[in-house]
Amino acid sequence: MSENNIKSIAVLTSGGDAPGMNAALRAVVRTANHYKIDCYGIREGYNGLIAGDIIKMGPRSVKNIINQGGTILKSARSKEFMTPEGRKKAYDQCVKLGVDAIVCIGGDGSFTGAKVFNEEHGIKVIGVPGTIDNDIFGTDKTIGYDTALNTAMDSIDKIRDTATSHNRVFFVEVMGRDAGFIALNSGIATGALDILIPERKDSLEDLFNTFRTAEKVGKSSSIVVVAEGEELGNIYDLAKATKGEFPNYDIRVTILGHIQRGGSPSCADRVLASHLGYGAVIGLMEGQNKVMVGMQSNKIVYTPIEEAIKKHNEIDKDLLKIAEILAM
Ligand code: ATP
């Protein structure tokens, strides 16, 4: 028997999909089964909870998915769940099934939804951080980040082959919304000339000076990695401004886009997702509620969901300095 009277849980994936969500789902379902807790899978995020698109899941429902990208439950952004009426319908579904708790695999928006739902209706909730952006407080890494980072790195490596062959300058935009983790780390890993991230105030003059220094030290091709949320300007404007300053440069722009969201999860993401999915069920059994499960220094930790939503992990400023030194 489970402790703390958790007899039945339901799990959903919500917001943007991330590689490793399936591995997390598998871990939730199999841990629940191990501890004799009934487990339901909700299709298409909060939309499925409202509509009652819910299936009973057992250990065999999650076979052969640990290596699959995306989410077999499908994900969605639900407008109806943003309304009290929508959430009431979702609550009615929980009552109908006798669900004690919801495990929400998603990003900060999904956690906000879970928090509001808990405050209104008292159903226990626990968040599992699944987003490639790595922008969630309370965990060293989010599920999907490592895979996305490696996809970005592989893609930039390929772009570098062309950049070098033609003496070109490439501006490459990577994902991450308002966070620069993917940009900073993929930039370091690919030896980018410059890395533009929203966490640092960048100026065009600094960027141009970096190009001037690169010319002086004899660099013939360059890659500038730009975070999606960079505040200095959009990538096309940055490229245009650079062309204005350096008319002889052959400049190209590449936006990596959704390629970074897909693909088979990396080993690190599968292990993280397995840990966190397990930790979510154990947390519920131990009486955790309205928290997010995370990994910090290889230990499972529970952070109040408000904090996970509001606070942000700091970018490692030393890495920015290291990137600058190593680029020349
Ligand atoms: P990602 O970081 O990958 O985009 P996310 O979880 O932040 O993922 P969102 O689109 O922000 O993605 O949120 C997912 C869903 O969570 C929304 O479509 C909505 O159904 C629910 N949600 C978000 N904010 C709220 C809120 N304030 N109240 C109720 N539900 C919410």
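Trainee: How many residue pairs are in polar contact across the interface of domain 1 and domain 2?

Mentor: This is a predicted model, where local features need pLDDT of at least 70, side-chain atom pairs count only at pLDDT 80 or more, and totals for chains, interfaces and linings use all residues. A polar contact is a pair of N or O atoms within 3.5 Å; within protein, one must be able to donate a hydrogen and the other to accept it, and residues adjacent in sequence count only if both atoms are side-chain atoms. Across this interface, with both residues at pLDDT 80 or more, the number of such pairs is three.

Trainee: Which residue forms a salt bridge with Asp-17?

Mentor: Residues are numbered from 1 along each chain as its sequence is written, and side-chain values use heavy atoms, leaving out hydrogens and water. A salt bridge is a side-chain nitrogen of Lys or Arg within 4 Å of a carboxyl oxygen of Asp or Glu. There are three salt bridges between domain 1 and domain 2. For Asp-17, the closest N and O atoms are 3.4 Å apart, and the partner is Arg-261.

Trainee: What area is buried between domain 1 and domain 2?

Mentor: Buried area is the accessible area (1.4 Å probe) that two parts lose on being put together, summed over both. Carbon and sulfur atoms give 46% of the area here, and the total is about 840 Å².

Trainee: Now the ligand: which residue has a polar side-chain atom 3.0 Å from one of its oxygen atoms?

Mentor: Backbone atoms approach ligand oxygen too: a polar one of Gly-16 is 3.2 Å away, and an N or O atom of Gly-107 lies 3.0 Å away. The residue that offers a side-chain atom at 3.0 Å is Asp-108.
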